[in-house]
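Me: Please take a close look at one part of this model, the place where the two chains meet, and then connect what you find there to the rest of the structure.

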Amino acid sequence: MSAIQMRGITKRFGPVLANDHINFDLEQGEIHALLGENGAGKTTLMRILYGLYHADAGEVFVNGEKGHITSPRDAIRLGIGMVTQHFTLVPPLTVAENVVLGYTDGFRLRPQEIQRQVGKAAAGLGVEVDPTAIVRHLSVGERQRVEILKALYREARVLILDEPTAVLVPQEVGVLFETLERLRQGGLSVIFISHKLNEVMTVCDRITVLRDGRVVGTVNKADTSQSALARMMVGRETFGVSREGEQAPGSPLLRIRSLSVADDQGLPALKGVSLEVGAGEILGVAGVSGNGQTELSRVLAGTLKPTEGQVSVGQDDLTGAEPTRVTAAGVGRIPEDRHEGLVGELTVAENLVLEHLGDFITAGTLDHRRIRQHAERLIAEYQIKASPTDRARTLSGGNMQKLILARALSREPRVVIASQPTRGLDVGATEYVRGKLLEQRGRGAAVLLLSEDLDEVLALSDRIAVIYEGRIVGVLPCAEADVEQLGLMMSGVREATGDSDQD
Amino acid sequence: MTAIKIERAAAPVWMRFLIPVVAILVTFVLTSFLIIWAGANPLEAYHYFLIAPLSNRVSALEVLVKSTPLLLTGTAVAFAFSAGYWNIGAEGQLYAGAIAAAWLGPLLGEVPPVIAILVMLVGGFGAGVLWALGPALLKVKLAIDEVVTTLLLNSVIVFLVSYLLNGPWRDPISMWPQSPEIAPNAMLPKLVPYSRLHLGFVVAVLGILFLWFVLSRTALGLKMRAVGLGREAARFAGVKVDQTMLTAALVSGGIAGLAGVTEVAGIHFHLIEAISPGYGYTGIIIATLGGLNAFGVGLAALFIGLISTGAQTVSRALGVPVYLGDVVQATLLLVTLAMFLLLNYRIRFSSD
């Protein structure tokens, strides 16, 4: 009998159809992978199951009975537990206290008793963790085990793990898989959200692949292969703008040499990345999110200091340079998050001059007339639907992005760093942004395009670099790239084959 | 079934202009219960709060006298808050300015008045900057919360003043805990004869103009607002966030220091322990009520000046405690803050 059946689940966020009539079955005692690219709808589906979102349509059956899940409390009562990427533990409390938190009866707490109970539960389940330890002192892997124990202590019979390996080091991944295997033998059913093919093939019994909010198919591990899964995950017709006329790239303008960076937690996020982008060339960096693209774009934008390596534009060494020096050297930057590129409460005109305030000063004071004229000119040129005095936050996503493009590109930069430039935009705005990037290439700028949208990378790039776990696993000319091969590289399965022009 | 849904949505702009008016009305409704409890008629009380002080020349000038330090501390706080630096230490910086004025004042007997007054103002500004420097550096270098450090330093300087007045500066003749009187040259001249209104009011109005000019007419002001409204976006655009915040914090401290100078050199002529009945804290109320905008800060300071002048009249005429004025101020702040917050939401009724 199925532990969970989801029937016709549909969920819409504004214009985006995140889940489109999804059917999903979880058998008792199986580990079932939900595989898909970013934005395929995996997490949305599981949030619906856990009561964090409400489906617009569809039904959920738990052990064959229709379940009304309107909050996590309902889900827990029905024996469903979820471990998200962001842990919900209280760091100063002990493991045992965290496990029983919100699940105690009566008024008095008996610390000894709780520790004993949690310790017994942990031993019985085969989850290795010390109930007396303070959570703050635990490693990420151990904290994850506490989260799992917490779910199981609430008598979960179904465990949802949202990209559980994203935060773990390889050794911890091994421990997690052993734990899951033991729990599965004990009768637990597990839903494993992932986009890493090798992990899915290691630990799961069945795999359901989602793409653009729809189920592509459900397969048994025994009946499939990594390349078949990669094809299901990313394979589709490419569309949209295309490059006009091939041109031989000019001399390298942007040079990145063995660049290493630590992320906010101090863990290595980039490990010796080397790339070169020539004049009149678009180099696409493809990869699943969280593999170092954010850090790469932040280093190039000047908001993150590298730990090692070198960045140069033309003859200028920009290693560790501040944003002002980066823009002065002729780099136009389109940030990953529009809201981090614009000050929402400032006006359109003010946001447009923020990068080059020095140019808008007359007799020591801001020249409001010139600031306004500058804004009017760019608004017309970039077809931004806004007036200079509108606050930036009132603009639509597409117009915000045009505002950022206007600021970054109006000075005809030598190098353009575009990070997820069309994320969340509608078709029209997407076409516009892609057109602008090709225009930069046409006038001889070196464009580095970081995108999770494989279509975009394939449509715009002259060459494609694939990033996986902070490393460039290969660089290949766009003409030689095919979707399946890219999918495998993005999932960490295969290095580039054929002619790689990485140095 | 009708469901009530609360969702985030910005209110139309015209509503922002209604905030002060509605806030004052709501405040009066809330506080009228207390006034009735205190045994007075609320309408009569509000007459004394708002109308009576303006009904004759003497008390109208007194409103401006009361507003002088409030204009300066309000400006000081608004300056720092604009850059997202939460300076709660205007009170302490005011005392620093007052100490400087009390120290310099008696030494300036032989100096022409214009120079003496300039020295007083520069000295007070400098002392405010110095008192603001520690927390500001801790904030930008070590990311230590300035709310805590600036607040705690307020108590430190109050005790420092107490030490000075009970120790080295104690008046040798009267033995009162007050510093020696400042030289007549260093006293701020009266603007209107036979009133207490002094040159400090002009300094305070210049302070407001300075706030307006910096925020809306200079690159520094735009950078400060960018840092205050979106720190990461400002950093991305190349604004030196730490440097901007440090500048805002120090100038804020300096302006608060000026409030200390005007109180010593314009009103008391020596340093006393309670030279500020919380002007620095009231400055936070004023900056918030004024929406960190120079014009708004000016109006808010005059309004609070009016209420605190009125509080004395109310208490004399109706026999209610003078602290009622503080209650009205505090309620007004809470109501205004709540309104700013609630303006970001709207309630929607929908049927399921």
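Reply: Across the interface of chain A and chain B in this predicted model, 5 residue pairs are found in polar contact, both partners being at pLDDT 80 or more. On the side of chain A that touches chain B, the elements giving two or more residues are α10 (323-328), α11 (338-341), α12 (348-353) and β18 (365-366) of chain A. Of these, α11(A) supplies the largest share, with 3 residues. Sorted by class, that side of chain A holds 11 nonpolar, 6 polar and 7 charged residues. In total the contact draws 24 residues from chain A and 21 residues from chain B, and the area buried between the two chains comes to about 1900 Å², with carbon and sulfur atoms giving 71% of that area.

The charged pairing at this interface can be described in full, since the count between chain A and chain B is 1 salt bridge. Its partners are A:E350 and B:R225, whose closest N and O atoms are 2.8 Å apart. The pair crosses between chains, running from A:E350 in helix α12 of chain A to B:R225 in helix α8 (residues 219-229) of chain B. Side chains of opposite charge can pair when their charged atoms come close. The two partners of the bridge are described by separate accessibility values: A:E350 has a relative accessible area of 14% and is therefore buried, the cut-off being under 20%, while B:R225, at 21%, counts as partly exposed.

Two further residues of chain B can be placed in their surroundings. B:T244 belongs to helix α10 (residues 241-268) of chain B, and with a relative accessible area of 4% this residue is buried. Leaving aside residues up to four places away in sequence, B:T244 touches B:L220, B:K223, B:M224, B:V227 and B:V239. B:F210, in turn, sits in helix α7 (residues 200-217) of chain B, and its relative accessible area of 37% makes B:F210 partly exposed. With the same exclusion of residues up to four places away in sequence, the residues that B:F210 touches are B:F79, B:V251 and B:I255. One of these contacts joins distant parts of the sequence, as B:F210 and B:F79 are 131 residues apart in sequence, whereas the C-alpha to C-alpha separation in space is 9.9 Å.

Within chain A there is another interface to consider, that between its domains. The domain assignment divides chain A into domain 1 (2-233) and domain 2 (252-490), and the C-alpha centres of these two domains lie 36 Å apart. The contact between them takes 9 residues from domain 1 of chain A and 10 residues from domain 2 of chain A. About 860 Å² is buried between the two domains, and carbon and sulfur atoms give 56% of this area. The interface of domain 1 and domain 2 of chain A shows 0 salt bridges, and the count of residue pairs in polar contact, both at pLDDT 80 or more, is likewise 0. Helix α8 (residues 226-234) of chain A gives the most to the side of domain 1 that touches domain 2, with 4 residues. That side of domain 1 divides into 2 nonpolar, 4 polar and 3 charged residues.

Returning to charged pairs, a search of the whole structure finds 31 salt bridges over all chains. One of them joins A:R184 and A:D205, with the closest N and O atoms 4.0 Å apart. Because A:R184 lies in helix α6 (residues 170-185) of chain A and A:D205 in the loop between α7 (197-203) and β9 (206-211) of chain A, this pair ties together parts that are 21 residues apart in sequence. A:R184 is partly exposed at 22% relative accessibility, and A:D205 is partly exposed at 27%. A:R184 and A:D205 are also linked with A:E181 in a network of salt bridges.

Another bridge of chain A is formed by the side chains of A:R434 and A:E456, at 2.9 Å from N to O. A:R434 lies in helix α15 (residues 427-442) and A:E456 in helix α16 (residues 454-460) of chain A, so the pair ties together parts that are 22 residues apart in sequence. Both A:R434 and A:E456 are buried.

Methods. Residues are numbered from 1 along each chain as its sequence is written. Chains are lettered from A and ligands numbered from 1 in the order in which they are written. This is a predicted model: local features need pLDDT of at least 70, side-chain atom pairs count only at pLDDT 80 or more; totals for chains, interfaces and linings use all residues. Side-chain values use heavy atoms; hydrogens and water are left out. Contact means heavy atoms within 4.5 Å. Buried area is the accessible area (1.4 Å probe) that two parts lose on being put together, summed over both. A polar contact is a pair of N or O atoms within 3.5 Å; within protein, one must be able to donate a hydrogen and the other to accept it, and residues adjacent in sequence count only if both atoms are side-chain atoms. Ala, Val, Leu, Ile, Met, Phe, Trp, Tyr, Cys and Pro count as nonpolar, Asp, Glu, Lys and Arg as charged, and the others, Gly among them, as polar. Buried means under 20% relative accessible area, exposed over 50%, partly exposed in between (1.4 Å probe, protein chains only). Domain bounds come from an automatic or database domain assignment.
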